[in-house]
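Here is a friendly walk through one model, meant to be read with the coordinates open beside you. Let's begin at a ligand and work outward.

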Amino acid sequence: LMSISDLTPAEFTRLVLNASSHKKAVKDAFAAGQTPPKPLHGAMTGKTVAMMFSKRSTRTRVSTEAAVQLMGGHPMFLGKDDIQLGVNESLHDTSVVISSMTSCMVARVGPHSDVANLAASSSVPVINALSSDFHPLQTIADFQTIHESLSSSTPSPSLNSLGLEGLKIAWVGDSNNVLFDLAIASVKMGVDIAVASPTGYGIPDHIRKTILAAAEGVAKPGKLTETTIPEEAIKDADILVTDTWVSMGQEEEAKKRLAAFKGYQITHELAKRGGAKPNWKFMHCLPRHPEEVDDAVFYDKERSLVFPEAENRLWAAVAALEAFVVNKGKIL
Ligand code: CP
Ligand code: NVA
């Protein structure tokens, strides 16, 4: 799983719905003092997942370790000082060796080509845990959060649609890895996505092509629009989303970026000026910095979905590991 573009709309929908129904089933079981219910209980017994992280992580690390453990497997965290990940040994050699001893690699890397190269040489499934271009586990959790926030239906394995067609997401801020997979999923799910980024921080051409290609074969794809004016993107939006203006690896550009993004901070005033829908919600993948969203929005109990969104990273990890490791790529 390199990006949401690897998934058909039906597969993506299934992963999101599985994440949601596993969440309910496991929470119910834990509340009753029971072990996780089948099919999760013991599903990964005897399996080791190598977690190769060349960058810091709170949510992705904790959710992946907890998900593997929940299914009875062994998560093996390998930080950048622990193994030779592209340093002192080729990615090819590392991938061949680690995949010969484990059932899955979950990798957080710098350039997207690193995770693609690991996957090319691996004999086991590889899941992208964030690269320069994509963050598929975040997008599964994000759509789960939107679905749970808006849907009145109880999570159930028999549901087969997220029912989000016609919704509008406004992304205000940096055009980055988190946005790219969110936009691909939006197009596939019939959700419109409007992006407002300053000049010079928009979507690169090759990524725009990938986002637009997500519409292929979709009866009513979501529309991607791009602007440099936050208010334009926000008009009639149901959900306002942003992320840090300085992603990991861009620290040297921090000063320049903070200046370029002036005026892009999400506030209640901006949402009102832009004409967001009255019931608009706020999302952020975290970690959050105060520049891109003020406290009033971030901690707004009515509107902010950030903490359920973070919790859903666990259920997204469960659904992805179940599909790619337990069910060997069959998304059931
Ligand atoms: N959202 C997210 O991926 O957070 P971490 O960087 O803490 O894993
Ligand atoms: N865009 C951020 C996301 C962190 C989860 C980064 O790449 O650092």
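## Around ligand 2

This is a predicted model, and ligand 2 makes a handy starting point. The residues that surround ligand 2 are Leu130, Asn176, Asn177, Val178, Asp243, Thr244, Ser247, Met248 and Cys285. Sorted by class, this shell holds four nonpolar residues, four polar residues and one charged residue.

## The open sheet

Next comes a sheet of five strands. The sheet is open, its strands run in the order 7-6-5-8-9, and their pairing is parallel. Strand 7 (224–227) and strand 9 (281–284) are the edge strands; each has a single partner strand, so one side of each is left without a neighbour in the sheet. On average, and ignoring direction, neighbouring strands of this sheet are turned by 20 degrees against each other.

Helix 6 (residues 177–189) packs on the sheet, where it touches strand 5, strand 6 (192–196), strand 7 and strand 8. The direction of helix 6 makes about 150 degrees with that of strand 6.

## Strand 5 and its partners

Strand 5 (residues 168–172) pairs in the parallel sense with strand 8 (residues 239–242), over three bridges. In that pairing, tryptophan 171 stands opposite valine 241 of strand 8. Strand 5 also pairs with strand 6, again in the parallel sense, over five bridges. Here isoleucine 169 has isoleucine 193 in strand 6 as its bridge partner.

How many of the five residues of strand 5 are buried? Five of the five are, so strand 5 is largely enclosed by the rest of the structure. Both of its faces are covered: Lys168, Ala170 and Val172 are buried on one side, while Ile169 and Trp171 are buried on the other.

## Helix 2

Now to a helix elsewhere in the numbering. Helix 2 (residues 59–70) has twelve residues and reaches 16 Å from its first C-alpha to its last, which is close to the 16 Å expected at 1.5 Å a residue. Just after helix 2, glycine 72 takes a positive phi of about 85 degrees.

Which residues of helix 2 are buried? They are Arg59, Thr60, Ser63, Thr64, Glu65, Ala67, Val68 and Leu70. The packing partners of these buried residues include three helices and three strands by name: helix 1 (9–31), helix 5 (136–150) and helix 12 (306–326), together with strand 1 (48–53), strand 2 (74–79) and strand 3 (104–108).

Notes
Residues numbered from 1 in each chain as written. Chains lettered and ligands numbered in written order. Predicted model: local features only at pLDDT ≥ 70, side-chain atom pairs only at ≥ 80, totals over all residues. Helix = DSSP H or I, 4+ residues; strand = E, 2+ residues; numbered from the N terminus. Expected span 1.5 Å × (residues − 1). Buried ≥ 20, exposed ≤ 12 C-beta atoms within 10 Å, placed from the backbone. Contact = placed C-beta atoms within 7 Å. Pairing = 2+ DSSP bridges. Axes fitted to C-alpha atoms, helices over the stretch in contact; angles between N-to-C directions. Near = placed C-beta within 6 Å. Nonpolar A, V, L, I, M, F, W, Y, C, P; charged D, E, K, R; others polar.
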